Amino acid sequence: MANNNSYITLITILSLFTVAAAGRFITTTSPSVSDGVNDGDQGILRLNPFYTSSPQECEQTYGFMPCTTTAFGNLFLIIVYGYLMYLAATYLSAGSELLLQILGPGLVGGLCLPALGALPDAMLILVSGLSGSKETAQDQVLVGMGLLAGSTVMLLTSIWGTCIVVGKCDLQNSVAQDNKDTKGFNLRGSGVSTDIWTSYSAMIMAVSVLPFIVVQLPQILHSTSGRHTAVLVALVLSVSLLIAYCLYQVYQPTLQKRHLDFAKHKHVRSRILKYLKKRALGRLVDSNGEPNQEVLLKLFNSIDVNQDGSLSVPELRALVVGMQLYEINLNEDDAVTKVMKDFDTSENNEVEFDEFVTGIGRWLDEAKGFKKTTSLAGPDSLKYVHDYYEETKKEHDLLGDQTHDDEEEEEGVDDPRTTTIKAVLLLLLGTVIAAVFADPLVDAVDNFSAATHIPSFFISFMVLPLATNSSEAVSAIIFATRKKQRSASLTFSELYGAVTMNNVLCLSVFLALVYARGLTWDFSSEVLVILIVCIVMGVFGSCRTTFPLWTSFVAFLLYPFSLILVYVLDYGYGWS
C-alpha cells in the first residue's frame, strides 16, 4: 500500500509540473519584437488552463511552483496540493502505527502519535502567516483559522455523526449489544456505547478550549488595549495544556490498567457474595444485620474440601474457577491472590473460619453502599447483594477491557529493524511533503478567494479539512463499522483526541504566529463557533456513555449551523 502511494505521489508531482510547463504561454500588451523602447511588459508567463480574467500577475511559490490568477486554475491547484497533503497525512499515520507496534504505547502513543496526527494542520497554519509582508500575512492567516475551525467542526459533526450511524447496535437497558443490529434506523432503540475513558477524553476536549476564551477576553470586555498580552497569556496556557495532555496520554494506559484491575477485583467479590447467597442454606446475615455464623460455617465446610478447618490457595482457586468469570477476562492467579489477601489477616497463606466470617462481613458492608431501594423486605434482606453485583459489572464494562477481544490482539513484529526503517522513512516522507506543499496550498486558496470573491475562511473551512483529516476520518468510520463497544470507544477517543490537539498544538502554533508577527487577533465569530461545537459535544460526550441514533442528527445539524453563524456574524453584524 505504501509503495502504491509512493508511485501515486511521484506521478502527481510530475503531472503538476508538466501542467505548469504546458500551461504557461506568452501574453503581450506590445509588439512581440522589441523596438528598443517599449519592451517593459513583454513575455508575462502565467499558468492559464482555461482563461485569464485578471491582468494581475500571480506570484510563484519558491520561485518555481505553478500559479494562476483564474478560478478554475486555482481550483485545480487546490485539488492537487490537497491530495498531496492527504498523502502526507496518510504516510504520517502509517509510520506512526508502525512505530507504535515496535515501541508500544506510553511515550510514542501519548506524545508522538497525537503530534504527528496534527502535523499537516500545524504546517498549513504556520505557513499561512509566515511568509510575505505583515499585511499579506494578516490576510492569509484567515486560511489558517479556517482550517483550525473547519477541522474541529468536521470531526465533531459530520464524522462523529457518521460513526454513530455506521456503528449503531441494538440498545438493551441503555447499553449497545455488540454485533447485534436488528432494529434498523430506530432513533431510540439503536445506538453506540463507549467506555468511561472516552467520556474523560470528551471532558478533556471541552477543557482544552480555555485558551480560546483567554485570547477573546479583550474583545468580550470591549477593550482595545491588552490584546497582544492576551495572545501571549493564551499561548502560555495553550502550551501548558499541550504538555499536560501529552503527560496524561503517556501515563493513561497505566492508570487505566489500575482502574480495570480494581474493578475486576470488586466484581470477583460481588460474584462470590452472589454465589454464596445462592448456595447458602439460610440467610447470610441475621436479624441484626450481622454475618450469620451458622450459615457461613456450612458454606465454609462445603468449600473446605480437605476438612482441615482452613481454606488453602487451591480451594480458593476452585471457588473462583467454579464461578466461571469468563465475561471479565479474569486472571485466576491474580484473583485468588487478592481474595486471599482480603481474608488472610494472619498472613499464614490460609483462611481460618474467623477470618472468613470477618472478610464476608466487610464485603457485605461494602455491598450495602450500593443499595438502590430504600424499602427492603427486612433487615436481613440481601437484595443489595444483587445490586452490588450489577453495579460492579457495569463499572467493569464502562472501564472497558482492552484485552477482552482475542481476535483484536496485536501480534509481535517479525522484523523490528526493517519495520523501524520503514516507519522512519514514512514519517520523513510525510513530513517533507507536508512542509513543501503547505505554502503553495495556502497561496492557491488565497488566489482562488481573490478570483471568486469567496472569503478564504469559508474555502479553507470546507475544503482543507478534507485534505488533512480524510485519512483519520476514513479510519475512524471503518473502525466504527466493527459494531463493538471497544471499537466505538477507540473511535470516539480518537476524534476527541484529534480535536484536543487542534485546540492545544495547532492553536499554540497559531498564537505564536500572531504574537511573533504582531498580527491582529480578530476572529470572534470563528472562535465562537469552535467554542459552541467543542463545549456542546464535549459536555454531551462526558455526561453519557450511550448515544442513541438520534444524537447523530444533532451532530450533523451543527455543521451548517456553524457556517451560517459565521456568515451572519461577519457579514450581518460586522464582527470581522
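**Notebook: a sheet, a surface patch and a buried cysteine**

I began with Ile-220, which I recorded as exposed because its relative accessible area is 51%, just after noting for myself that the model is a predicted one. Exposed here requires over 50%, and the 51% of Ile-220 therefore meets the cut-off. I then placed Ile-220 in helix H7 and looked up what surrounds this residue on the surface. Ile-220 belongs to a nonpolar patch that also takes in Val-207, Leu-210, Ile-213, Leu-217 and Leu-221, and the patch as a whole has about 520 Å² of accessible area. Helix H7, which spans residues 210-220, is the element that gives the most to this patch, with four residues.

**Overall figures**

For the protein as a whole I noted 20 helices and eight strands. Of its 576 residues, 49% are buried, while the exposed surface comes to about 27200 Å², with carbon and sulfur atoms supplying 60% of that area. I also looked at contacts with a sequence separation of 6 or more, and found that 72% of them join residues 24 or more positions apart.

**The four-stranded sheet**

Next I traced an open sheet of four strands, whose order is S4-S3-S5-S8 and whose pairing is antiparallel. Its edges are S4 (175-176) and S8 (546-548), each of which pairs on one side only. As background I wrote down that strands of a sheet pair through backbone hydrogen bonds, either parallel or antiparallel.

I then went through the partners of S3, residues 169-172, which pairs with S4 in the antiparallel sense over two bridges. On that side Leu-171 stands opposite Ala-176, and Gln-172 has Val-175 as its bridge partner. Towards S5, strand S3 is again antiparallel and is joined by two bridges, and there I found Asp-170 opposite Ser-190.

Which residues take a positive phi in the loop of the S3 and S4 hairpin? The hairpin has two residues between its strands, and Asn-173 takes a positive phi near 55°. Ser-174, which is found in the loop between S3 and S4, has a phi near 65°, a positive value in a residue other than glycine. I recorded Ser-174 as exposed because its relative accessible area is 55%.

**Helices across the sheet**

Two helices were checked against these strands. Helix H5 (residues 134-167) lies across S3, S5 (190-193) and S8, and runs at about 110° to S5. Helix H18 (residues 485-517) lies across S5 and S8, at about 70° to S5. Ahead of H18 I looked up Lys-483, in the loop that follows helix H17 (470-480) and leads to H18, and noted that its phi is near 55°, a positive value in a residue other than glycine.

**Cys-534**

Is Cys-534 buried or exposed? Cys-534 is buried, because its relative accessible area is 0%, and buried means under 20%. This residue lies in helix H19 (residues 524-543). Leaving aside residues up to four places away in sequence, I listed its contacts as Thr-152, Leu-156, Met-205, Ala-206, Val-209, Val-499 and Asn-503. I set these positions against the helix ranges already noted: Thr-152 and Leu-156 fall within H5, residues 134-167, and Val-499 and Asn-503 fall within H18, residues 485-517. As a last entry I compared Cys-534 with Met-203, and found the two 331 residues apart in sequence and 9.8 Å apart in space, C-alpha to C-alpha.

Key. Residues numbered from 1 in each chain as written. Predicted model: local features only at pLDDT ≥ 70, side-chain atom pairs only at ≥ 80, totals over all residues. Heavy atoms only, no water. Pairing = 2+ DSSP bridges. Contact = heavy atoms within 4.5 Å. Axes fitted to C-alpha atoms, helices over the stretch in contact; angles between N-to-C directions. Patch = residues over 30% accessible without salt bridge, like charges linked within 9 Å, V, L, I, M, F, W, Y side chains within 5 Å. Areas by Shrake-Rupley, 256 points an atom, 1.4 Å probe, with all protein chains shown as cover. Salt bridge = Lys/Arg side-chain N within 4 Å of Asp/Glu carboxyl O. Buried < 20%, exposed > 50% of the residue type's maximum accessible area, 1.4 Å probe, protein only.
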